[in-house]
Amino acid sequence: MLQVVLEEQSTSDSEATLIAHRPPERPKGPGGWRQVEALPIGLFAAVMGLTGLSVAWTMAHTRYGVPLWLGKSIGLMACAAFVALAAGYGTKAVIAAPAVKAEFRHPIAGNLFGTPLISLLLLPIPLAPLSLTLARLLWIVGALGMTLFAWWVVTRWLSDRQQTAHATPAWIVPVVGLLDVPLALPVLGLPPMPGVMVFSLAVGLFFAVPLFTLILSRLLFEPPLPAALQPSLLILVAPFAVGFSAYVATTGTVDLFAEALFAVAVFLLAVLLPKLARFGRSCPFRVSWWGVSFPLAAASVATLRVATAQPGAAIDIFAVGLLTLATAVIGWLLARTLVGLARGELRTLAQ
């Protein structure tokens with residue numbers, strides 16, 4: 001993760017200039033299993049991206065008749081990635097506890113501790129056909145954990161003065177992550193929970209608007225994000241794409257408000273996708289690149305939901321094209337990450 005260092009340029013408290021984004025200190029040491037000392041919590045975004053892609057391919061099976069094993073296989077990869085990352089980060093917590101504590105307290109990286117909780121909310125979707133009990137257990141832990149984490153983060157924001165330069169897309173994760181709570185409920189066979197679904201939807205959408213505005217203001221009036229953080233801009237699509245799916249899961253219909261959320265997601269995607277092509281040339285591959293995976297997968301899922309509810313040639317073409325793009329990008333991210341791990345490059349990729 002990257003650390004923002006601020007330097008006051010005048011005696012005014014409101015004037016702070018971003019002078020550098022530097023990674024927090026990583027323990028020095030050999031490669032191999034000791035790489036877990038540098039494992040960033042943000043890598044759980046890979047689980048989110050893979051799970052979202054699994055859901056998208058499963059929906060494509062229903063809509064277009066593609067082989068069902070594609071979605072199931074990607075879902076199993078997501079589960080394997082979660083187990084591996086949980087074991088790795090658990091080991092890091094034991095052998096490098098100060099690094100974990102520093103990451104948790106970091107004004108930017110600390111928000112990414114919501115990614116394993118969101119993973120717990122998403123994994124029950126591919127897991128439900130295999131073990132309904134395990135899927136329910138993971139969802140309950142994820143829902144409780146996400147609610148408590150969102151409460152803690154908002155309390156921290158309101159208790160301490162925040163720096164404008166810290167307002168990056170990662171701020172969306174802790175509270176807007178509540179939008180993921182309703183997504184798995186339709187497949188878990190639990191008693192109706194309209195209160196839980198409405199609470200998660202309302203809090204997630206309510207905070208999405210001011211956070212999006214704050215981040216947009218920071219992007220407009222403050223120095224640009226460092227190169228390594230540029231891919232995280234696609235996170236701005238997630239509140240509207242996931243909000244659409246959460247709203248449809250809660251209400252059971254694609255109405256005018258759902259269409260409005262989808263329209264905003266498509267517009268932001270059109271704005272940010274051209275930047276994605278430039279990121280490959282200007283930004284060396286880092287773990288932060290996984291920040292593009294879940295927004296792309298969520299946008300693909302939202303488009304497939306619209307294509308199913310409102311069939312048409314144009315929306316089908318868009319859905320297939322977006323699914324293809326999400327699959328290609330996430331496939332490349334996975335391959336590049338595995339190659340980096342095999343080469344012992346995690347310390348570099350985590351910067």
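These legends walk through several close-up views of one predicted protein model. Residues are numbered from 1 along each chain as its sequence is written, and side-chain values use heavy atoms, with hydrogens and water left out. Because this is a predicted model, local features need pLDDT of at least 70 and side-chain atom pairs count only at pLDDT 80 or more, while totals for chains, interfaces and linings use all residues.

**View 1. The whole protein holds 14 helices and 2 strands.** Both kinds of element are DSSP runs numbered from the N terminus: helices are H or I with at least four residues, and strands are E with at least two. Of the 351 residues, 53% count as buried, meaning under 20% relative accessible area, with exposed over 50% and partly exposed in between (1.4 Å probe, protein chains only). About 15,200 Å² is exposed by the protein, with 70% of that supplied by carbon and sulfur atoms; these areas come from the Shrake-Rupley method with a 1.4 Å probe. Contacts are heavy atoms within 4.5 Å, and 74% of those with a separation of 6 or more join residues 24 or more positions apart.

**View 2. Helix α1 covers residues 45-64.** Its 20 residues should span 28 Å at 1.5 Å a residue, and the end C-alpha atoms are indeed 28 Å apart; the expected span is 1.5 Å times one less than the number of residues. Helix α1 is largely enclosed by the rest of the structure, because 15 of its 20 residues are buried. Look just past the helix for G65, which takes a positive phi of about 80 degrees.

**View 3. Helix α3 (residues 97-105) has a buried side.** The buried residues here include A99, V100 and E103. They cover an arc of only 100 degrees around the axis, so they sit on the same side of α3; the arc is taken from the directions from the helix axis to the C-beta atoms. P98 and R105 are exposed on the other side. Helix α2 (68-95) is among the elements covering the buried residues of α3.

**View 4. Helix α4 (residues 114-122) is largely enclosed, since 9 of its 9 residues are buried.** The buried residues, among them P116, L117 and S119, pack against α1, α2, α5 (124-127), α6 (132-159), α7 and α12 (293-309).

**View 5. V173 lies in helix α7 (residues 172-176).** With 11% relative accessibility, V173 counts as buried. Beyond its neighbours within four places in sequence, V173 is in contact with N111, L112, G114, T115, I118 and M146. The C-alpha atoms of V173 and M146 are separated by 10.0 Å, although the two residues are 27 apart along the chain.

**View 6. The largest cavity holds about 430 Å³ of space.** On a 1 Å grid over the protein atoms alone, a cavity is a set of points where a 1.4 Å probe fits but cannot get out, and lining residues have an atom within 4 Å of a point. The lining has 31 residues, with L112, T115, V173, I235 and G291 nearest the centre. Helices α1, α4, α7, α10 (238-251) and α12 each give two or more residues to this lining.

**View 7. The largest pocket holds about 450 Å³ of space.** A pocket is an open set with protein on both sides within 12 Å along at least five of seven lines. It is lined by 18 residues, and V55, T58, I125, P126 and V187 are the closest to its centre. Helix α2 gives the most to the lining, with 5 residues.

Note on methods
Points joined across faces, edges and corners; volume = space filled by probe spheres on them.
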